[in-house]
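Student: Could you take me through one part of this protein in detail? I would like a close look at an aromatic pair, set against the overall fold.

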Amino acid sequence: MTIQDKIQSLRNLLRAEQEAQEKRWFNASLSIKELRHKGVVISPIQISRKRFGYADYPVIHFSFSHEYNQTQFNGGSPIAVFSENSEELCNGQLLTIAQGKGELTLFADDFPDWLDHGRIGIKLL
């Protein structure tokens, strides 16, 4: 087995693990409240500032008023921003989070249109 084969095998395993985790935490039978209780969602968040950061990626500064899982949500964590009113998602990365405030960057060219409408949340990937 070559190194490229081993790397591809590891990628496939990681992809399968990510899909299993998505099915486990984000299936239709669990409510946002239950996901928040399990520590994999922060919702709702209040957006306090939007700007473009490094390499012109959209950056969002936000605040929230409830408890979150400090061991899972930390700087560098891969996340997805979602709207509770639709099925829309936008992947990104959590930059900082502490004391009810945080900052994240979106892997998109611009801010999603749905970002200013409805309740917005963050889920771990």
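Tutor: Happy to! Let's start with the fold: this predicted model has two helices and six strands. Read from the N terminus, the order of the elements is α-α-β-β-β-β-β-β. The C-alpha trace covers about 50 × 35 × 30 Å along its principal axes, and 36% of the 125 residues count as buried.

Now for the close look. There are three aromatic pairs in the structure, and one of them is made by Tyr57 and Phe107. Their rings sit 6.2 Å apart, centre to centre, with 75° between the planes. That pair counts as edge-to-face because the angle is over 60 degrees.

What does this pair link along the chain? It links distant parts, with the two residues 50 apart. Tyr57 belongs to the loop between β1 (41-52) and β2 (58-63), while Phe107 lies in the loop between β5 (101-106) and β6 (120-124).

Are these rings buried or exposed? Tyr57 is partly exposed, with a relative accessible area of 36%, and Phe107 is also partly exposed, at 48%. Both values fall between the limits of 20% and 50%, so neither residue counts as buried or as exposed.

The surface also has a charged side to look at. Glu87, Glu88, Asp109, Asp110 and Asp113 together form a negative surface patch. Of these, Glu87 is found in the loop between β3 (78-83) and β4 (89-98). Glu87 has a relative accessible area of 79%, so Glu87 counts as exposed.

Terms used: Residues numbered from 1 in each chain as written. Predicted model: local features only at pLDDT ≥ 70, side-chain atom pairs only at ≥ 80, totals over all residues. Heavy atoms only, no water. Patch = residues over 30% accessible without salt bridge, like charges linked within 9 Å, V, L, I, M, F, W, Y side chains within 5 Å. Areas by Shrake-Rupley, 256 points an atom, 1.4 Å probe, with all protein chains shown as cover. Salt bridge = Lys/Arg side-chain N within 4 Å of Asp/Glu carboxyl O. Lys, Arg positive; Asp, Glu negative; His and termini not counted. Charge placed at Lys NZ, Arg CZ, Asp CG, Glu CD. Helix = DSSP H or I, 4+ residues; strand = E, 2+ residues; numbered from the N terminus. Buried < 20%, exposed > 50% of the residue type's maximum accessible area, 1.4 Å probe, protein only. Phe/Tyr/Trp six-rings, centres within 6.5 Å; stacked < 30°, edge-to-face > 60°.
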